Each structure stands twice: as C-alpha cells, then as structure tokens.
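Open the viewer and switch to a cartoon view. Keep the selection tool at hand for a short tour.

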Amino acid sequence: MPKGHAQFAVYNRTVNHAVKAILRSPAHGMLSDRLLVMTVTGRRTGKQRSFPVAYREEAADQLRIHIDWPEKKVWWRNLKSPAPVSVRLRGVQRSGVGEAQGDPKADLWVAVKLDAR
C-alpha cells in the first residue's frame, strides 16, 4: 500500500459514503454537475468498488476523470488497460469502457467512452 494510504483511506471512506448517498438520491443535482459515482471491478478480486469522482465531459459519450494523488489511490490500476466501468451520471446509470492514461508521476486521468443509450 502507498505510504500514508491508511489515514487517507479512512477519511475518503467517510466522506465518500456521504457523497455517494447524495449522488444516488433525488438530491443529486447539488453535486452531479461536477461529480459522479464510478464503479470499477477489481482485476484480481473481481469485487466491484464504487466511489465519487470529479469528471469533465469531453463529448456527449466521453468523460475525462482526473486522478489527484494517484500514489494514494489504487482503483485506477484496474484500468491500466481498457476495462468495463459504470457511472451514475446526473442521476442516470450508464456503462462504458475506461482506461487510465497519462503519467502517474505527472498527470493521470481515466478516459471513459460511454456506451450508446
């Protein structure tokens, strides 16, 4: 685990739980213009993990999710090669394919190509 990850994970787990609840509720409009809930499946464990992330729409079917502090986050490693993801975007559940791009030491993001509705 990355150095200092335990303290970061405890804080994130607490805050993320509240943010996910809002984004999955009818009150999602408070946050969903800049945050969404992303679900990624672990490569080795097969377990699904969901968490809120900031996003930017690149096009109608393409999202860019910047990863701050990639050394403290491990979920993006499941997307080193293209993999299925799902997102709750502005109250609507969507599926697609995500792939981590860039350099973890400089600038890292996940490009998501959403499936047609």
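The stops below go from the sheet to a loop and then to a pocket. Keep in mind that this is a predicted model.

**Stop 1: the whole sheet**

Colour the strands. They make an open sheet of 7 strands with antiparallel pairing. Trace the order across the sheet: 2-1-5-6-7-4-3. Which strands are the edge strands? They are strand 2 and strand 3, and strand 3 covers residues 56-59. Each of these two pairs on one side only. Now turn the view to look along the sheet. From one strand to the next, the twist averages 35°.

**Stop 2: strands 1 and 2**

Select residues 35-41, which are strand 1. Add residues 48-54, which are strand 2. The two strands form a hairpin, with 6 residues between them. Find Gly-46 in the turn: its phi is positive, about 75°. The strands run antiparallel and pair over 7 bridges. Is strand 1 mostly covered or mostly open? It is mostly covered, with 6 of its 7 residues buried.

**Stop 3: Met-38 and its two partners**

Show Met-38 as sticks. In strand 2, Phe-51 stands opposite Met-38. Now look toward strand 5, residues 83-89. Which residue there is the bridge partner of Met-38? It is Val-87. Strand 1 and strand 5 pair in the antiparallel sense over 4 bridges.

**Stop 4: strands 6 and 7**

Select residues 92-103 for strand 6 and residues 107-114 for strand 7. A hairpin of 3 residues joins strand 6 to strand 7. How many bridges pair these two strands? There are 8, in the antiparallel sense. Click on Gly-98, then on Val-112 in strand 7: these two are bridge partners. Next, click on Ala-100. Opposite Ala-100 stands Val-110 of strand 7.

**Stop 5: across to strand 4**

Keep Val-110 selected and add strand 4, residues 62-66. Here Ile-65 has Val-110 as its bridge partner in strand 7. Strand 4 and strand 7 share 5 bridges, and their pairing is antiparallel.

**Stop 6: a loop residue**

Select Asn-78. This residue is in the loop between strand 4 and strand 5. Is Asn-78 buried or exposed? Asn-78 has a relative accessible area of 18%. Buried means under 20%, so Asn-78 counts as buried. Now show what touches it. Leaving aside neighbours within four places in sequence, Asn-78 is in contact with Val-40, Thr-41, Gly-42, Arg-43 and Ala-83.

**Stop 7: the largest pocket**

Switch on a surface view. The largest pocket holds about 1,200 Å³ of space. Its lining has 36 residues. Which of them lie nearest the centre? Select Asn-12, Asn-16, Phe-51, Lys-73 and Trp-75. You have already met Phe-51, opposite Met-38.

Now colour the lining by element. Helix 1 (5-23), strand 1, strand 2 and strand 4 each give two or more residues. Which element gives the most? Helix 1 does, with 11 residues.

Finally, colour the lining by class. You should find 16 nonpolar, 10 polar and 10 charged residues.

Note on methods
Residues numbered from 1 in each chain as written. Predicted model: local features only at pLDDT ≥ 70, side-chain atom pairs only at ≥ 80, totals over all residues. Heavy atoms only, no water. 1 Å grid on protein atoms, 1.4 Å probe; cavity = no way out; pocket = protein on both sides within 12 Å on 5 of 7 lines; lining within 4 Å. Points joined across faces, edges and corners; volume = space filled by probe spheres on them. Nonpolar A, V, L, I, M, F, W, Y, C, P; charged D, E, K, R; others polar. Pairing = 2+ DSSP bridges. Axes fitted to C-alpha atoms, helices over the stretch in contact; angles between N-to-C directions. Buried < 20%, exposed > 50% of the residue type's maximum accessible area, 1.4 Å probe, protein only. Contact = heavy atoms within 4.5 Å.
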